[in-house]
Amino acid sequence: MEKTKGKNSNIELLTGDHKTAIKKLAWPMMVSMFLIMAYNLADSIWVAGLGSDALAAIGFITPLFMILVGLGNGIGAGANSMIARFIGAKNVPEANNTALHSLMLTILISVLGSVAMYFLLPSLLEIMGAGSSKSLALGYGGIVFAFMIIFIYSNVGTAILRSEGDVKRAMYVMAITAIFNIVLDPIFIYILNLGIEGAAWATVFSGFLSCLVLIYWMHIKKDTFLNLEFKNFHYENSITWGILNVAIPSTAENLIFSALGIIENYLLVLVAGTVAVATYTAGMRLIQLSMIPLIGFGTALLTVAGASYGARNYQKLQDAFFYTLKLGLIVSTVMAVIFFIFAPQISMVFAYSSSASLAPRIAVLIQIMIIFIYAVCLGMVSAMLFQGVGKGFTSLILTFIRALLLEVVFSYLFGVVMGMGEQGIYYGVVLGGFLGGIISFVWANIYLQRLKRNFQPISE
């Protein structure tokens, strides 16, 4: 009885007041992302003790790792969007079938991805200009990419839980990954003397533990709203393409961000050497902490938007978008002020190691790049709206314009052409991101207005 009550309350949350849903769905995601980014930061801090080459190696792997994460996030976003739309339309059997389709895609893509990265990683690092960091990057990346299924399954599994409003257990899964990684990093790296490969094994092992928990809840205990028994699976092209219609663009967006990271690393090496890559890697991981609330709000909007769209409640869809944007801008302002004022103190987390000389450079990066958070707010909230209603390719187009077009062009213009060096590259990212964020917001607003004009909204 209690299990049924809990399941129903999650669904009522999705289909009820948008303000309550956004806030209740967002905070567990914020906690999860804080822990995930904390362990990413812990990776950087502990690896920094091995020297700037090791830290730069993490920097070269990070954009490629984002591709791996993007595969899981893409399938998860596609499943989340489609399941939420079916729940909004009160079609539970197809919601179950969609979740099972997403798990089948997880297995297929994980196997293909691991094989591909085994052969491609050395060449990719060579192209990226890893130089003296190449062997260290191969050691770290080779391990992580061999176990792609752990990270993709974890992302898809938590997305399935979020799609039915079960955000707390999705948070617990991500917390297990983060906490165990933070604890295991120094043990594997220094006590077991595995070096940078120890950081990779810590990441893999902690991810494996979270997968075990997901498997228990969804396939053994079976206490989720969705029924994931294989008997509920019947292949449908429409479901596969429905997931991929969001998953492919979402994954492509991560590929764009990965390409952006590769290009920015190349430009930084061009103007200031590999030490600039180490600075950028460390500094951006600190700045990403300020983006946690935005990720939480955006992920909540994706689910609420899917349920609202499925129920054909377009007024609620618009209200949820603007409410999420308002919360995001308020939080962005608070974070920008804190990070700008305390940049020197925040950067000192790297001062304990042989990379201590980077701290002043990291502080300068933070004070320039923290303004980028406003661009992220506009771009992310708009992207999540489009993903929620199943228009992943619109989100992809907007991301391409912002990241690979505007940010790269202005980075090259300021950093290389105008000779402003690494700081010019930072200014280019900020300006390009701002322009792209404004374009995304305007496009989203036009879409919502057209949707309301062309269809009769259903009152709550």
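In the predicted model, a nonpolar surface patch of about 850 Å² is formed by Leu50, Phe147, Ile179, Val183, Ile187, Tyr190, Ile191, Leu192, Leu194 and Trp201. The principal contributor to this nonpolar patch is helix H7, spanning residues 167-191, which supplies 5 residues. Valine 183, one of the patch residues, is located in helix H7. Its relative accessible area is 47%, so valine 183 is classed as partly exposed; this value also satisfies the patch criterion, because membership requires over 30% relative accessible area.

Helix H8 comprises residues 196-221 and includes tyrosine 216. Serine 210 also belongs to helix H8. The two residues were examined for their exposure and contacts. For serine 210, the relative accessible area is 0%, and the residue is therefore buried. When residues up to four places away in sequence are disregarded, serine 210 touches Ser154, Val173, Ile176 and Thr177. Tyrosine 216, by contrast, has a relative accessibility of 42% and is therefore assigned to the partly exposed class. Beyond its neighbours within four places in sequence, tyrosine 216 is in contact with Lys221 and Lys222. A separation of 44 Å was computed between the C-alpha atoms of tyrosine 216 and valine 408, which are 192 residues apart along the chain.

An arrangement of a charge over an aromatic ring was identified at tryptophan 217. The charged end of arginine 169 is placed over the ring of this tryptophan, at 4.8 Å from the ring centre.

Interactions between aromatic rings were also examined. The structure contains 11 aromatic pairs. One of these is formed by phenylalanine 322 and phenylalanine 441, with a centre-to-centre distance of 6.2 Å and an angle of 85° between the planes. The pair is classed as edge-to-face because planes over 60 degrees apart fall into that category. Distant parts of the chain are linked by this pair: phenylalanine 322 lies in helix H12 (residues 314-341) and phenylalanine 441 in helix H17 (residues 421-454), with their positions 119 residues apart in sequence numbering.

Both partners were assessed for solvent accessibility. Phenylalanine 322 has a relative accessibility of 31% and so counts as partly exposed. Phenylalanine 441, at 25% relative accessibility, is likewise partly exposed. Ring pairs further join Phe322 and Phe441 with Phe321 into a cluster.

Key
Residues numbered from 1 in each chain as written. Predicted model: local features only at pLDDT ≥ 70, side-chain atom pairs only at ≥ 80, totals over all residues. Heavy atoms only, no water. Phe/Tyr/Trp six-rings, centres within 6.5 Å; stacked < 30°, edge-to-face > 60°. Helix = DSSP H or I, 4+ residues; strand = E, 2+ residues; numbered from the N terminus. Buried < 20%, exposed > 50% of the residue type's maximum accessible area, 1.4 Å probe, protein only. Lys NZ or Arg CZ within 6 Å of the ring centre and 35° of its normal. Patch = residues over 30% accessible without salt bridge, like charges linked within 9 Å, V, L, I, M, F, W, Y side chains within 5 Å. Areas by Shrake-Rupley, 256 points an atom, 1.4 Å probe, with all protein chains shown as cover. Salt bridge = Lys/Arg side-chain N within 4 Å of Asp/Glu carboxyl O. Contact = heavy atoms within 4.5 Å.
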